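Biologist: I would like to go through this structure with you, feature by feature. Please keep the answers short and give the reasoning.

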Amino acid sequence: MKFAVKAWSNGTARAGVLHLGNVAAAIDTPSLLISTRKGLPLSIPPDLLPSLPFPDSRLLHVSPIHFFQGLSIKTISKIGGLHQLLGLHGYGFAAFPRDSIQCLPEATSTNKTGASFDNPCGRLLIKPAEYMEMISSMKPELWVTLADEVPAWVSDKRNKTSVDRTIKWLDECIALSPASGAVFGAIVGGSSLEERRRCALEVAMRNVSGYWIGGFGLAESMDVRPALLNAVTEPLPEEKPRLICGLELPEEILQGVAAGVDLFESTYIYHLTHEGFALTFPLDRTQINASNLAPSDVGSDPRKINLRATVFRKDATPIVEGCTCYTCRNHTRAYINHLLNVHEMLAQILLEIHNTHHFLGFFRLIREAITADRFEEFCKDFVGSRYDHLVEDGSERVCL
Amino acid sequence: MALTPFCSPPPSLCSSFRSLRRGLFLPLLQAYPYTTSKGAVPMPETALMALRFEVLGRFNRARAAQLTLPHFVCQTPLFMPVGTQGTIKGLATNQLEDIGCQIILGNTYHLALRPTSELIDELGGLHKFMNWPRALLTDSGESSGWKANAPYTRGVYSNPSMCFTLAYFGYSCYINRIGADIIMALDDVVKTTITGPRIEEAMYRTLRWIDRCIAAHKRPYDQNLFGIVQGGLDPVLRDICVRGLVDRNLPGYAIGGLAGGEDKDSFWRVVAQCTAALPEDKPRYVMGVGYPLDIVVCSALGADMYDCVYPTRTARFGTALVPEGVLKLKNNAMAEDTRPIDSTCACMVCKNYSRAYIHSLVSKDAMGSQLLSYHNLYYMMQLSRNLHSSIVRGKFPEFVCNFLQKMFPKGDVPEWVCNAMEVAEIDISSCRARFRDD
């Protein structure tokens, strides 16, 4: 794995380039990791994956927890690792346990022997040794050391313990490193600026290829987050990539980018798709497609449309005019509305494809803004545009 | 897309049989305004059809043909997956094309309910609505469909004539608006497990209704109305129905009322009887079939088209179709099995995924259902392709034997299959165990 920073904007936001062995082209950052379940997307079939933008869509997040109760380490090794298991040879895999939908860290059950996760098969306690066995059998391009993530409301003592444990497990995992794969050191610290800084400094001293920032998206408020993020990224060496999970909304992603994070894993696409929403905000800042604004529609805003709404029953246009995703090239809003109403699986497939495509487009906008050194302006525009339809109505701006 | 109309001479009828029928049913026929005292109203001799059926090869009763429909040129025998609500569950249209699906089914009743046939018509028909460029067939729906649920069948409207007029008026609008290449007539279906006069009643009603269907059909130039042979398991009733439908000179015929739990021995006999009596130059569609074994047998007996929810439904329960029969991916033994589902299958799923991986997905993640549905439909399309090509190349008996040997390696081919193959004049002695006492 190779990483280099190419451009800066606004001080800490950076655009970079990531090279991973299996991916033919270099991946520009900031970039999104596609969420998976057992290595394949939730709904997008593997033969439609290549229709997503290249190479932005070639980075996949895989959680080792998904396999612990479905596929044995022995079987994965026998098959030869993730690439053979999933039939995805031109893709790069980033392995870390936390999956913000299904496998959330359960801080109360985590103890000195291992980290606890709640998942559909029950509660699992993962020890560093067995975690590393799973990582070795999976052979991902990059993997993260085992962390003790805690939510924002724990006591200071518990928070401090989580940092100590995470560092201890980091050393244990590194000692058991597999031959291939880049190791990312896990950084936690909850809502304490001191602990965040302490953890970051400790991890920075270890011989790792990058950093994984955990413990966010666990009930801390958006207001305190920028300071916490900066406390983490500030002590870290600039030339190594930073990966974060737990930031969901576009605004939260922007917070991460502003603090100097390069790679993101988000549940935004999942939540949108699950509820029948499709992203529609313009990806070309010079054009605002008026038809995307549906002010009379329940649950819609300039960002997205709710395709369950009856207003789309006869709408024979694609979700976004001019979008080159498989869904917009082949199907209409009316058809997806029908599929949602009759509870057909194809609705989720089509929405996940479009939403992934569109969200990847958002990351492209971020990169363009950083490269043109107007990231701060981009953030203001983007966050402000959320209220455009209200301002047009003449109503008061709503505060977040 | 306009097809050149071509003529089909009306089939000749046994005149003694015709007078018998008239004698029995004249009073009933006179009650209905759509038939004359002479009996059935056949379609004109220069019947316009929206299909062309060209037999390319035969082996005894089995035939391989090219079926040209308004939206697609198909090869028969063929299997049609079922997409009740305008989608095949869990598969996108480009995947269906990759798999080789030629015709898919929609259900008139379900689509009339949601999103309504008016909406589909307004948006340009079902092909455009789904973006399916190939052929579509719409059925009224047997047990769960039109008749069972139409409010007209109860109370005041239990008079069959009234019920039909009301139901069909709606039905014809719906099927014409939806715009499929093949539309099934509204028939009266009863389960084959029922006995008694109800079956006879249903058969005659089906015959009366076909005339109304023909009269109400507004688009014979680009939609093919297929008649459905009913009559339960009674050969006499089936015969009457076949002759009645053949009289109407329809573009194609279906054998309905089967695949409902009857014993296999009765099932194949009805198929054999109907295929023998239906015209050679028109497609024959056995509805609701089904299991790969049943499709091979029916093809040997001279049928061309099949539909069933089985491949996709069983996929959602974690079962894969393989040459040996079925493979239950939920089985714990699969957890360590690193082989593909079927090593002879060329589908995307078998080329990329192990049984162990699919096992980890089934019943937990939607992707498991998607991958298994993909494989199962690919299996059915490959079966269709193999049936077609083996008949065309003159290798049909070898194909059948090979198929049976894989499915019954111990030679325990079921009795009903043996009997059916005898009637089809296909020698399967090489597949049967040597030491059975027959």
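Biologist: In which loop of chain A is P55(A) found?

Modeller: This is a predicted model, so the answers describe computed geometry. The peptide bond from F54(A) to P55(A) is cis, with omega near -5°. As for its place, P55(A) belongs to the loop between β4 (31–35) and β5 (59–62) of chain A.

Biologist: Which residue precedes P115(B) in the cis peptide bond of chain B?

Modeller: P115(B) is in the loop between α3 (108–113) and α4 (117–122) of chain B. The bond that leads into P115(B) has omega near 5°, and its other residue is R114(B).

Biologist: Is K38(A) buried or exposed?

Modeller: K38(A) is in the loop between β4 and β5 of chain A. Its phi is near 55°, a positive value in a residue other than glycine. Buried means under 20% relative accessible area. K38(A) has 7%, so the class is buried.

Biologist: What is the relative accessible area of N131(B)?

Modeller: N131(B) has a positive phi of about 60° although it is not a glycine. N131(B) sits in the loop between α5 (126–130) and β6 (135–139) of chain B. Partly exposed covers the range between the 20% and 50% limits. N131(B) is in that class, with a relative accessible area of 28%.

Biologist: Which strands stand at the edges of the sheet β1-β2-β3 of chain A?

Modeller: The sheet is open, and its 3 strands pair in the antiparallel sense in the order β1-β2-β3 (chain A). An edge strand has a single partner, so one side of it is left without a neighbour in the sheet; this holds for β1 (2–9) and β3 (27–29) of chain A.

Biologist: Which residue is the bridge partner of G16(A) in β3(A)?

Modeller: Strand β2 (residues 13–19) of chain A pairs with β3(A) over 3 bridges, in the antiparallel sense. In β3(A), the partner of G16(A) is T29(A).

Biologist: Which helix packs on the sheet β1-β2-β3 of chain B?

Modeller: That open sheet has 3 strands in the order β1-β2-β3 (chain B), with antiparallel pairing. Its edge strands are β1 (52–59) and β3 (73–76) of chain B. The twist averages 15° from one strand to the next. The helix that touches β1, β2 and β3 of chain B, with a direction at about 110° to that of β2(B), is α15 (residues 366–392) of chain B.

Biologist: Which residue in β3(B) stands opposite T68(B)?

Modeller: Strand β2 (residues 62–68) of chain B and β3(B) run antiparallel and are joined by 4 bridges. Opposite T68(B) in β3(B) stands V73(B).

Biologist: Why is the pair of F267(B) and W416(B) classed as it is?

Modeller: A pair of aromatic rings is described by the distance of the centres and the angle of the planes. Planes over 60 degrees apart count as edge-to-face. The centres of F267(B) and W416(B) are 6.4 Å apart and their planes stand at 75°, so the pair is edge-to-face.

Biologist: How many residues apart in sequence are the parts that this pair ties together?

Modeller: Both F267(B) and W416(B) are buried. F267(B) lies in helix α10 (residues 264–277) of chain B and W416(B) in helix α17 (residues 415–423) of chain B, so the separation of the parts is 149 residues.

Biologist: Over the ring of which residue does the charged end of R196(A) sit?

Modeller: A charge sits over a ring only if it is within 6 Å of the ring centre. The charged end of R196(A) is 4.1 Å from the centre of the ring of F216(A).

How values were computed: Residues are numbered from 1 along each chain as its sequence is written. Chains are lettered from A and ligands numbered from 1 in the order in which they are written. This is a predicted model: local features need pLDDT of at least 70, side-chain atom pairs count only at pLDDT 80 or more; totals for chains, interfaces and linings use all residues. Side-chain values use heavy atoms; hydrogens and water are left out. Helices (H or I, at least four residues) and strands (E, at least two) are DSSP runs, numbered from the N terminus. Buried means under 20% relative accessible area, exposed over 50%, partly exposed in between (1.4 Å probe, protein chains only). Two strands pair if DSSP finds at least two bridges between them. Axes are lines fitted to C-alpha atoms, for helices over the stretch in contact, and angles run from 0 to 180 degrees between N-to-C directions. Contact means heavy atoms within 4.5 Å. Rings of Phe, Tyr and Trp (its six-membered ring) pair if their centres lie within 6.5 Å; planes under 30 degrees apart count as stacked, over 60 as edge-to-face and the rest as tilted. A charge sits over a ring if NZ of Lys or CZ of Arg is within 6 Å of the ring centre and within 35 degrees of the ring normal.
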